[in-house]
Amino acid sequence: MEWETVIGLEVHVQLATKSKLFSGSSIEFGAEPNTQANVFDLALPGTLPVLNKKALEMAVKFGVAIDAEIGLKSVFDRKNYFYPDLPKGYQTSQLDFPIVGKGSLDVTLEDGSIKTIGITRAHMEEDAGKSLHEDFHGETGIDLNRAGTPLLEIVSEPEIRSATEAVAFLKKLHSLILYLGISDGDMSKGNMRCDANVSVRLKGEELGTRAEVKNINSFKFVEKAINIEVARQIELLEDGGRVVQETRLYDSEKNETRSMRSKEVANDYRYFPEPDLLPVLIDEAYIEEIRATLPELPDTKRQRFMNEYKLSEYDALVLTNDLATANYFEAVVLVCGNAKLSANWVSVDLQAYLNEAEIPISESPVRPELLGGLINKITDNTISSKIAKTVFEAMLAGEGNAENIIKTKGLKQVTDSGAIETMVATVIANNPEQVEQYQSGKEKVFGFFVGQIMKESKGKANPAQVNQILKDKLSK
Amino acid sequence: MFKSGIAELSRSLAAGEFSSEEITSAYLARIKEKDKALNSYITLCEEQALAQAKAADATRAKGEASLLTGIPLAHKDIFCTAGIKTSCGSRMLDNFIAPYNATVVENFNQAGVVTLGKTNMDEFAMGSSNETSYYGPVHNPWDKDLVPGGSSGGSASAVAAHLCPAATATDTGGSIRQPAAFCGLTGLKPTYGRVSRWGMIAFASSLDQAGTLTRSAEDAALMLNVMAGHDPKDSTSIDIATENYTANLNRPLDGLKIGIPVQHFAEGLNADVEQKIRNALSEFEKLGATLKDISLPNSHQSVSAYYVIAPAEASANLSRYDGVRYGYRCDDPQDLEDLYKRTRSEGFGTEVKRRIMIGTYALSAGYYDAYYIKAQKIRRLIKNDFDNAFAEVDVIMGPTSPHTAFKIGSQTNDPVTMYLEDIYTIAVNLAGLPGISVPAGLVKNLPVGLQIIGKNFTESHLLNIAHQFQQATDWHTQTPEI
C-alpha cells in the first residue's frame, strides 16, 4: 500500500506593530505581567475597540506580496468562548470576510524544483493573554500583556505532501514576512506559531480524516511532529483502526502527539459580526499605495543575484533566503567587487561560524567591510585563499582588519620570484630521489614538491608562481 | 427653583439669582427627602457634586461660564464615572468603580455640569418597567404604584419628580422614549452614532444610543450640544459635523409633512391614548403641518427581530462578567467552571439571564441562519420601510406607547407582554433613526407621549418640531404632586 500525506498549515504571525490590534497598549516582549494591559485589554465595561491602522496595512502588504485577492470590505467577527486569559469572553477575528483571500507561495523543494502552494486566506485577529500555572500554588495567574496583540492567521491549502515540504513552506513564509518587515518572525518568542492539519490517504483515494497538531513552534519540531503524526495515522489505519478528527498536542520531549480534545465535542464559537467595529473598507488606491512600498521580494532578489552577480541558482537561493544575509552579501560585494568569492565566504565560511556560534548575521563580529577587505587581499594576491582562512579567524577573534592582521602576523604572500626560486632550488637539491622519479615520468610527485615548498615558506609562497617555477626547474 | 429646567436655571445662574452650590445643595436635600418613595437614584454623589458646584461658581466668577456651567444633572448608572460606582443596575457591578469617565460624562464635566448622582435602571438596560434592577423597582411620581417605564426609569422618575432638572439616559429599544411617555417628559434618542458609546456599558452595541430625559425640547437641545460629536474612541460614532441644536428651535412649521403610520394606530392602542395623539396631530395642523397616512409594512416584525439581535449581541457583551478581573465573584469557587457558573448565576438577575440564553441560542450552530441572519434581513426591510416613508414625508408621528404607565408587578411574569411594550419604538433603533417623545396630554391623570421620528441626523429638526409643539401646548409643564 502506498500512502500519501496531505498537510495544510495554519500559521499565526505576530504583526510587528507598536501597539495592540484594538488598543494603544504596547506589545513589547518581556514586560512585567499586566503592565501592558489598559482598560480595553482588561475588558472593563463600556470600553470599545479601535482598529490599529498599521496592522491593517501590514496584512494588506502580505496579501499583495503573495498576489492574493484583497478584501475591499473585510469584517471582524466575535468568536465566543470562556477562558480566563480571554478577557472579553470573545476573540475578535475575521470569519467570512477576511482581509486577504486566495493567493500562493512558490516554495523551493529539496531537489531544487519549485512548487506553488496555495494560500486559502489570511485574516487579522487578536491574541489571547497567558495563563500561568506555575508559581501560584495550585491557582492560576493571568497575564494580559499579550491579550490583543495583532496576529495574521495564514491558512494554506491542503497541498503540502510531506513534512519536508511543510518546512520548506514555513521557511519561505518566514523569509517573506521578514522581507516585508511585518513581523519579527522569532519562533522562540512565539512571533510565528504553526498548527498542522495532517491526514493520510491511499494514493488516488479521497481525503482522509485529519488531525490538527498544535504546539509545533520550531522548524525542527514541525518536521518531527508531522512525521510522527503521519506514522501514527498509517499504523492506526493499517491495523484496521480509524483516525479521529481531533486536536493533538505535540510533545517535543517524548516526540509524540497526544489527543487534546475531540472536535466532536468542541466549542460552538457562535461567531457573529462584531457590532463595535464597522466593516473595514479599503479601495484600490490604498492597495496600490501599499504595493508601491513593497521591497524586492525573495524570488525577485534571487533572480537578480543570478543575473547581476552570475551566481548559480543554488548560491542565489542560499543568499536570498534571509534578507539580512542578502544585504550582508551585497555589502561585501560593494567593497570587493568579487561576487563569486563573496558568495563563498558569506554562505560557507561566515555561515559555518554563525551556525556554530548560534548568532544571527546581523550580530556577526565580522562586518561586511572587513570581509570585503579580506577578499580584496585575496584578489590582489597579497594572500592566498588558504592564508585568508587564518586571517578570517583572527578577524572573528576581533583582531582588526585584513591589512593589519596580515602585517602583524607577517602573512603576506611571497611573490618575489627570486626568493621562490631559491626555495625551489633548495627543495630540489634536498630530494634527488623524487626528482628522479618525476623525470622518469612519475608526475604525481609534483605535488610532493609543492607541499615541501609551501612548508618551507610557511604557506606564504604564491602558489601559482611556485607551480610555474617548479615546473621550469624540474623540466631542465 | 425645582420647577426650572436647564434653560431657566442657566438664565438664573447667569443673572446671579442663586449659585450653583445653592441649587446643588437644594437638590441634594430634596433627593434625600423625596427619593425614599421613588428609588430613582442608586448613588448620590454628594461630596463630588458640591465640589463641582463650587468649581462651577468659581468659573462663573471668572466670567468663563458656559450655558451649562453649574447646572446639576443626573447620569443613568450605565455611564461610567471615574471614582464613583457604576452598577448598571446589576449585582454583578455592585462593587465596580471605573477608573475612567464615559465620553458623555467627560463632555458634561468639561462643560462645568454638576453630577448629582447615578440613576436607577433596569439591569443592564434590559427591561421596560425598571423592575429588573438589583436595587429594586423605581416608582412613577405620577402614581407610586405604577412603573416609570424602562430601562431609563430612574432618570425619568427623578426628572419628573424634580429630583434633578434633567438626566442622561440610553435607548436600545425605547428605553428613553417610553419612560419619557410614562413620566410626562421629553425624551430624545439621537441617531445611532451621533453620541459616543465609549464608557457607556454595552447592552446591544448596534442599537444602544445615549440621549436625554428633560422637561422640554429646549433642554434636550442644550444637552445634545454637549453630548453630540465624533469620538475617535468609538469606531461606530459617526464623523459628521454637529449642529447648534438650539439654533433652529424657533423655526415655524409651515409646510411640514407628517407621516402617520397606520400600523401605529391599529389594534392594541388604547382608545384614550389614541385620542390624545390625534389631538396633538391636529395641533400640528394648526401650526401649518399637513398629515399623510403612510405604511410601515414590516413594523409588526420589529419586536421579533429585536429580540433576536439585541440578546445575541448582549450574550457576547456580557461574557466579560466572569468573576476573574472585577465585579461580582462567587464565594470559594471550586474550579474554573464553578467560578463561571456561580458568579454568573448569582451576579445576574432573571431577565438578564433569560436574554443571555435567548442570544446564545440564536447564535448557536444550526440556529444562526434561522434566527440571527433572518433577523438581520428583517432589520434591512424595516430600514427600507422608513426610507420609503421618508421619500414622502418629513417626519413620522404616532404614540410612543400603546397605553399609559402600568402597575408595578403586573407584567413581571409575562416577558412577551413586557417585550411588546416597545412595539412603536423598537423599529426606530433597528433603523438607527433619531426619535423623540413629547408629552401630549393626560389620560386619567397619567401622561401620554407622542413619538416623532426623523431621518438620520435630523435632531435639530426634531427638536424644532418638538419645541414648536411645546410653545403651542402646555402638556410638558404638567407635573405630578410630590
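## Two helices in chain B

In this predicted model, helices α9(B) and α12(B) sit oblique to each other, because their crossing angle of roughly 125° falls in none of the ranges for roughly parallel, roughly antiparallel or roughly perpendicular. Helix α9 of chain B covers residues 302-317, while helix α12 of chain B covers residues 369-390. Their axes come within 9 Å, and α9(B) passes α12(B) in a left-handed crossing.

## A cis bond in chain B

Staying with chain B, have a look at the link between G150(B) and S151(B): that peptide bond is cis, with omega at about 10°. Where does S151(B) sit? You'll find S151(B) in the loop between β3 (114-119) and α5 (153-160) of chain B.

## How chain A is divided

Over to chain A. The domain assignment splits this chain into domain 1 (3-289), domain 2 (298-409) and domain 3 (417-475). If you take the C-alpha centres of domain 1 and domain 3 of chain A, they lie 65 Å apart.

## The second largest pocket

Now for some open space: the second largest pocket holds about 1700 Å³. Its lining is made of 43 residues, and the closest to the pocket's centre are K171(A), H174(A), F219(A), N321(A) and D322(A). Why does this pocket lie between two domains? Domain 1 (3-289) and domain 2 (298-409) of chain A both give residues to the lining, so the pocket ends up between them.

Several elements of chain A each supply at least two lining residues: β5 (103-108), α2 (163-180), α3 (219-238), α5 (298-309), α6 (313-320), α7 (323-336) and α8 (339-357). Which of the helices gives the most to the lining? That's α2(A), with 9 residues. By type, the lining breaks down into 16 nonpolar, 15 polar and 12 charged residues.

## Helix α7 of chain A and its partners

One of the elements in that lining, α7(A), also packs against α8(A) at an angle of about 135°, with the two axes 9 Å apart. These two helices are therefore oblique to each other. The crossing of α7(A) past α8(A) is right-handed.

Helix α7(A) packs with α9(A) too, a helix made of residues 368-379. Here the angle is about 45° and the axes are 8 Å apart, so α7(A) and α9(A) are oblique to each other as well. Again, α7(A) makes a right-handed crossing, this time past α9(A).

## A backbone oddity in chain A

One last stop is H137(A). Its phi is near 50°, a positive value in a residue other than glycine. Where does H137(A) belong in the chain? Look in the loop between β7 (130-132) and β8 (141-143) of chain A.

Conventions: Residues numbered from 1 in each chain as written. Chains lettered and ligands numbered in written order. Predicted model: local features only at pLDDT ≥ 70, side-chain atom pairs only at ≥ 80, totals over all residues. Heavy atoms only, no water. 1 Å grid on protein atoms, 1.4 Å probe; cavity = no way out; pocket = protein on both sides within 12 Å on 5 of 7 lines; lining within 4 Å. Points joined across faces, edges and corners; volume = space filled by probe spheres on them. Helix = DSSP H or I, 4+ residues; strand = E, 2+ residues; numbered from the N terminus. Nonpolar A, V, L, I, M, F, W, Y, C, P; charged D, E, K, R; others polar. Domains from an automatic or database assignment. Axes fitted to C-alpha atoms, helices over the stretch in contact; angles between N-to-C directions. Parallel < 35°, antiparallel > 145°, perpendicular 65-115°, else oblique. Left-handed = near helix turned anticlockwise from the far one by under 90°.
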